[in-house]
Amino acid sequence: AGPEIHLLNLSCYTNLEPKKYYDSAIAKLKNAPVLPYVLSGINGLHMAKRDENCSKLSLQDIRQLIFAVIEGNPRRLKDVNLRMLLAQNYYIGDEYAKSMQEFNAAISFGGGSDAIKEKFVTQIMAKKYSDAEKTINELEEYALKTGENLNIVSGWMKDILVKEKTNTDSK
């Protein structure tokens, strides 16, 4: 599926039509092991879409590529990076609740403090401040459980939350 994913990325920036590459990519992803190159390519498609550089593919199209990876490689069901990618994809598509479900899955599958921080940033962008407060608590509980020193990160998150709430209140 690597060449197809590469061509899909090119279609975002050229006059290539993605349809035939997309269908082939889906079929191959469902029936073959997936190499890191392919996952990186799917991530590149997501970033191009996020940055509004890929009008030929929808968020749903990119999501279907991720689902095809999981279908063809069931062990990837618990892949933290894919779950984080799905979470971001859902958030960009204004599906906040599904985004949070995917962040929580990533955390439960071992995403650790990185997944928790990403979840927090998404909540701040969505102006879901009460959720962000709970995520700070989640990070602190994670730090206690793992022994990881996250005091600086926790302090940063609290500062961001206060600043964002203050900016919202002053408008």
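Trainee: How many helices and strands does the chain have?
Mentor: The chain has 8 helices and 0 strands. Keep in mind that this is a predicted model.

Trainee: OK, and what pattern does the chain follow along the sequence?
Mentor: Going along the sequence, you get α-α-α-α-α-α-α-α.

Trainee: What does the C-alpha trace span along its principal axes?
Mentor: The C-alpha trace of the chain spans about 50 × 40 × 25 Å along those axes.

Trainee: Switching to pockets. How much space lies in the largest pocket?
Mentor: The largest pocket holds about 160 Å³ of space.

Trainee: And which residues line the largest pocket?
Mentor: Its lining is made of Leu39, Asn43, Asp79, Asn81, Leu82, Met84, Leu85 and Gln88. The elements that put two or more residues into that lining are α3 (36-50) and α5 (80-92).

Trainee: Which element gives the most to that lining?
Mentor: That's α5, which supplies 5 residues to the lining of the largest pocket.

Trainee: What does the lining look like by class?
Mentor: It's a mix: 4 nonpolar, 3 polar and 1 charged residues line the largest pocket.

Trainee: New topic, Tyr142. Where does Tyr142 lie?
Mentor: You'll find Tyr142 in helix α7, which covers residues 129-146.

Trainee: What does Tyr142 touch, leaving out residues up to four places away in sequence?
Mentor: With those left out, Tyr142 touches Gly112, Ser113, Ile116, Glu148 and Leu150.

Trainee: How far apart are Tyr142 and Ser113, in sequence and in space?
Mentor: Tyr142 and Ser113 are 29 residues apart in sequence, and their C-alpha atoms are 7.5 Å apart in space.

Trainee: Back to Glu148 for a sec. What kind of contact does the side chain of Tyr142 make with the side chain of Glu148?
Mentor: The two side chains, Tyr142 and Glu148, make a polar contact at 3.5 Å.

Trainee: Last thing, rings. How many aromatic pairs does a search of the whole structure find?
Mentor: Searching the whole structure turns up 1 aromatic pair.

Trainee: And what sits over the ring of Tyr96?
Mentor: The charged end of Lys128 does, 5.1 Å from the centre of the Tyr96 ring.

Conventions: Residues are numbered from 1 along each chain as its sequence is written. This is a predicted model: local features need pLDDT of at least 70, side-chain atom pairs count only at pLDDT 80 or more; totals for chains, interfaces and linings use all residues. Side-chain values use heavy atoms; hydrogens and water are left out. Rings of Phe, Tyr and Trp (its six-membered ring) pair if their centres lie within 6.5 Å; planes under 30 degrees apart count as stacked, over 60 as edge-to-face and the rest as tilted. A charge sits over a ring if NZ of Lys or CZ of Arg is within 6 Å of the ring centre and within 35 degrees of the ring normal. On a 1 Å grid over the protein atoms alone, a cavity is a set of points where a 1.4 Å probe fits but cannot get out, and a pocket is an open set with protein on both sides within 12 Å along at least five of seven lines; lining residues have an atom within 4 Å of a point. Grid points are joined across faces, edges and corners, and a volume is the space filled by probe spheres set on the points. Helices (H or I, at least four residues) and strands (E, at least two) are DSSP runs, numbered from the N terminus. Ala, Val, Leu, Ile, Met, Phe, Trp, Tyr, Cys and Pro count as nonpolar, Asp, Glu, Lys and Arg as charged, and the others, Gly among them, as polar. Contact means heavy atoms within 4.5 Å. A polar contact is a pair of N or O atoms within 3.5 Å; within protein, one must be able to donate a hydrogen and the other to accept it, and residues adjacent in sequence count only if both atoms are side-chain atoms.
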